[in-house]
Amino acid sequence: MSGLKHPPIVPRLRLTRTLVDRLPPRVDERGPVMLEDPPSEFYHRTAAGILERLDTQDAVWVFAAGSLIWNPRMEVAERRAAQVTGWRRAFCLTDRRFRGCPSTPGLMMSLDRGGACSGVVLRMDTGDDPLAALVSLLQKEPPVPPELVTAETDAGLVEAILFAADPGFPLYRPEPATEELADMLACAVGHIGTMAEYLLNTVTELERAGVHDLHLWRLQEMVAERLERLPDPVSAALGAVHEVHAADRSNRPRE
């Protein structure tokens with residue numbers, strides 16, 4: 001696959017950990033629980049159906065486009081750069097509870113229909129019980145049955161499951177215009193972290209895998225630009241200390 005064998009020269013990331021740290025790391029404000037847990041048999045039934053459709057249960061691959069790359073939520077035996085057709089990254093899941101809250105809502109990334117997407121395929125280490133391993137992963141993802149896709153890698157085609165957005169899902173929202181999206185990602189904070197950190201983790205791992213998503217690279221640049229306008233907390237703290245010392249000196253009696 002030429003796109004993986006000869007990756008483009010990737011511009012240096014403008015978004016940095018230092019910029020992300022200009023935001024509060026988390027807030028206590030949480031939105032309401034928007035989803036009800038599915039019946040307990042949903043995960044077992046879904047996992048069993050996936051395994052029945054796979055050519056071999058000894059190689060369960062998962063296509064990762066976002067947080068699954070840097071937080072796989074499963075034991076990983078192997079990873080490869082990969083590409084799928086018919087799906088694209090999109091910030092299309094409303095988040096008012098985890099990396100967003102009611103006052104600063106965010107949008108989590110998923111895969112939406114159309115286009116193509118480069119990412120990583122992860123081969124699960126399923127141990128002696130593929131069904132139990134797959135059920136465990138499904139329980140950590142939105143309760144939408146994953147798609148079965150063919151992913152292209154430098155070592156050949158692999159059959160993989162893919163977690164995608166469904167327009168009928170209660171949290172689904174089409175990705176907004178880039179300016180609006182950058183505004184949201186630059187200020188959204190929830191009780192587990194910020195959307196800016198989520199974006200930084202994703203582009204950092206994609207860069208490590210040799211994947212350059214033009215949309216994400218433009219987005220991280222726009223988010224960085226917005227965060228650069230915020231005060232540096234370290235500089236602000238040092239400035240406050242200097243002000244205290246200056247006030248203390250001015251209040252000392254002259255000898």
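This briefing covers the fold, the surface and the cysteines of one protein. The model is predicted. The protein has 255 residues, and its secondary structure comes to 9 helices and 5 strands. The structure holds 0 disulfides.

**Fold**
- Helices and strands are both present: 9 of the former and 5 of the latter.
- Reading from the N terminus, the order of elements is α-α-α-β-α-β-β-α-β-β-α-α-α-α.
- The chain therefore starts with three helices and ends with four, given that helices and strands are numbered from the N terminus.
- Take the contacts between residues at least 6 apart in sequence: 80% of them join residues at least 24 apart.

**Surface and interior**
- Of the 255 residues, 42% count as buried.
- The protein exposes about 13,600 Å².
- Carbon and sulfur atoms supply 50% of that exposed area.

**Cysteines**
- How many disulfides does the structure hold? The count is 0.
- C101 is in no disulfide, and its nearest cysteine sulfur belongs to C187, 9.0 Å away.
- C187 is likewise in no disulfide, with the sulfur of C101 as its nearest cysteine sulfur at 9.0 Å.
- A disulfide needs two cysteine sulfur atoms within 2.5 Å, so a pair at 9.0 Å does not count.
- Is C101 buried or exposed? C101 is buried, with a relative accessible area of 2%.
- C187 counts as partly exposed, at 36% relative accessibility.
- The cut-offs explain these labels: buried means under 20%, exposed means over 50%, and partly exposed lies in between.

Key:
Residues are numbered from 1 along each chain as its sequence is written. This is a predicted model: local features need pLDDT of at least 70, side-chain atom pairs count only at pLDDT 80 or more; totals for chains, interfaces and linings use all residues. Side-chain values use heavy atoms; hydrogens and water are left out. Buried means under 20% relative accessible area, exposed over 50%, partly exposed in between (1.4 Å probe, protein chains only). Helices (H or I, at least four residues) and strands (E, at least two) are DSSP runs, numbered from the N terminus. Contact means heavy atoms within 4.5 Å. Accessible areas come from the Shrake-Rupley method with a 1.4 Å probe; for residues, only the protein chains shown count as cover.
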